[in-house]
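Subject: Handover of a structure

Dear colleague,

Please find below the structure that I am handing over to you. My findings follow it, arranged by region.

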Amino acid sequence: NIRDAARQTRPERRGGVGIFVLVVFVFFSLGWQISEINPYKAITDLPQALPPLSRVLWPWKAAFTYRTETVKAHANILIGCEDPLPQQPERGPGEPYLKSDPTCGELSRLDENNNVIKGTVLTIEGGNFEPNSEAQIWWVDSLGNEFRPRQEGQYVSVTTDSEGSFKLELVMPYRLTPPSARGRQIHKVEARQVERVGGPIPAEPLRLTISRMIETIFMGMMATIFGIVLAIPISFLAARNLMSGSFITMGIYYITRTILNIVRSIEPLIWALVAVVWVGLGPFAGIIALTIHSVAALGKLYSEAIENIDRGPIEAIQATGANRIQTIMFAVVPQMISPFVSFSIYRWDINVRMSTVIGLVGGGGIGFILVQYIRLLDYRAAGIAVWFIALTVAILDYVSSEIRSRFV
């Protein structure tokens, strides 16, 4: 008795805790290795990911473009200082100008060891350009071929002062003279300045993103409408309380539920791949994929709502001698309006979100161009698409919540 009393006063020991912790630790260790988690790589490679990530987070430089005009002036350069020296172009009052000192010289060349021997150093002066703006330096050979010369590995450019003037020293670049060139070789050094004209104009990525976003919204809407129309009659066949009258109806119930479960278990992305093979690329394939999944999902939600309805109105209608169709119309349907509306709005929200994903496999919508931008490494254009997806989903979430609060 004393031993039993002492045993009763001791706290109950629950076995298996240590084994459970060991199993969790083993699974976590295996998962860490199999999934190749590497925090060190994530931290060290972060600086490389920051430039494209910044372009995605703030992509608006690619959203607009501007009309531009190029203001330029040039000076003639003679290859080999022979008389007479080249005449410089005439300019009117207030027009941009460019002067070179000297106006002749030798191009850079390669020696027998392929080392660069620098050519003549030209002092270039310009004026009457746009103040405090960048001007690019270009070189045009005697055949009209143009390129931007480099100095110290960088393209030559200059920033004008407050009066629109500048001065720099330029080494005559390396340039092969083609055999077709004859006579005096006169090259040109040019200063070019690009100026904006007029206001901003929506760029192609912005226009394309807006059109595909509208397409995405309507894809979700059309798939939801088709899904509701097809799911409502199916949901009555999948409700146990309505189909439990006989062995035949119960067989229909089990078959319907099984089909809904199978269809719902397959993601819309897979259905989109099937639809693309069926009807080809485009939004129609996306609508088919979303409709198939919506029918299965809404059919399950509707049927479960039907199974949870109040039996009182059903018994009251049946007591009047109503048949099964009349019972459904006057006792079941009125109770289903509120949950049906709520589930339908929620499914529309889901379909719009999924429309951005199925486009990745050719199902149309904004996802189609998003994956193209990513493959082309055009992160600013991809960022515009990501911003529109986020804004659209947020707006639709607010609208759907308002509709549910008003009508449900």
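For the helix pairs, an axis is a line fitted to C-alpha atoms over the stretch in contact, and an angle runs from 0 to 180 degrees between N-to-C directions. Please note that this is a predicted model.

Helix packing around α8

In those terms, the axes of α8 and helix α9 (residues 283-307) come within 8 Å and cross at roughly 135°. Angles over 145 degrees would count as roughly antiparallel and 65 to 115 as roughly perpendicular, so α8 is oblique to α9. The crossing of α8 and α9 is right-handed. On the α8 side, the contact involves Pro268, Trp271, Ala272, Ala275, Val276, Trp278 and Val279. These meet Phe284, Ala285, Ile288, Ala289, Leu290, Ile292 and His293 of α9. By class, the contact of α8 with α9 has 13 nonpolar residues, one polar residue and no charged residue.

Helix α8 (residues 268-279) also packs against helix α11 (residues 324-358), at an angle of about 55° and with the axes 10 Å apart. That angle makes α8 oblique to α11, and the crossing of these two helices is right-handed. Pro268, Leu269 and Ala272 of α8 make the contact with Met354, Val357 and Ile358 of α11. Six nonpolar residues, no polar and no charged ones make up the contact of α8 with α11. Pro268 and Ala272 are thus listed in the contact with α9 and in the contact with α11.

The disulfide and the loop before β3

How many disulfides does a search of the whole structure find? The search finds one. A disulfide is a covalent bond between the sulfur atoms of two cysteines. Here the partners are Cys81 and Cys104, with their sulfur atoms 2.0 Å apart. The link of Cys81 and Cys104 is right-handed, with 100° about the S-S bond. Cys81 lies in the loop between β1 (64-79) and β2, and Cys104 in strand β3, so the pair ties together parts that are 23 residues apart in sequence. Is each partner buried or exposed? Cys81 is exposed, at a relative accessible area of 54%, whereas Cys104 is buried, at 7%.

Thr103 is in the loop between β2 (97-101) and β3 (104-105). Thr103 is buried, because its relative accessible area is 16% and the cut-off for buried is under 20%. Not counting residues up to four places away in sequence, Thr103 touches Asn76, Ile77, Leu78, Leu85, Pro86 and Gln88. Pro102 is found in the loop between β2 and β3 as well. The peptide bond from Asp101 to Pro102 is cis, with omega near 0°.

Backbone points to check

Most residues other than glycine have a negative phi, and most peptide bonds are trans. Besides the cis bond from Asp101 to Pro102, two residues with positive phi deserve mention. Asn114 has a phi near 65°, a positive value in a residue other than glycine. Asn114 lies in the loop between β4 (109-110) and β5 (116-117) and counts as exposed, at 59% relative accessibility. Leu377, also a residue other than glycine, has a positive phi near 60°. Leu377 is placed in the loop between α12 (366-375) and α13 (379-407) and is exposed, with a relative accessible area of 57%.

Two residues of helix α7

Thr249 is in helix α7 (residues 247-265), and Leu260 is found in helix α7 too. Thr249 is partly exposed, with a relative accessible area of 22%, whereas Leu260 counts as buried at 6% relative accessibility. Leaving aside neighbours within four places in sequence, Thr249 is in contact with Met243 and Ser244. With such neighbours likewise left aside, Leu260 is in contact with Ile234, Ala238, Val295, Ala296, Gly299 and Lys300.

Two C-alpha to C-alpha separations may also be recorded for these residues. Thr249 and Gly198 are 51 residues apart in sequence and 72 Å apart in space. Leu260 and Thr160 are 100 residues apart in sequence and 71 Å apart in space.

Yours sincerely

Note on methods
Residues are numbered from 1 along each chain as its sequence is written. This is a predicted model: local features need pLDDT of at least 70, side-chain atom pairs count only at pLDDT 80 or more; totals for chains, interfaces and linings use all residues. Side-chain values use heavy atoms; hydrogens and water are left out. Helices (H or I, at least four residues) and strands (E, at least two) are DSSP runs, numbered from the N terminus. Buried means under 20% relative accessible area, exposed over 50%, partly exposed in between (1.4 Å probe, protein chains only). Contact means heavy atoms within 4.5 Å. A disulfide is a pair of cysteine sulfur atoms within 2.5 Å. Angles under 35 degrees count as roughly parallel, over 145 as roughly antiparallel, 65 to 115 as roughly perpendicular and the rest as oblique. A crossing is left-handed if the near helix is turned anticlockwise from the far one by less than a right angle, and right-handed if clockwise. Ala, Val, Leu, Ile, Met, Phe, Trp, Tyr, Cys and Pro count as nonpolar, Asp, Glu, Lys and Arg as charged, and the others, Gly among them, as polar.
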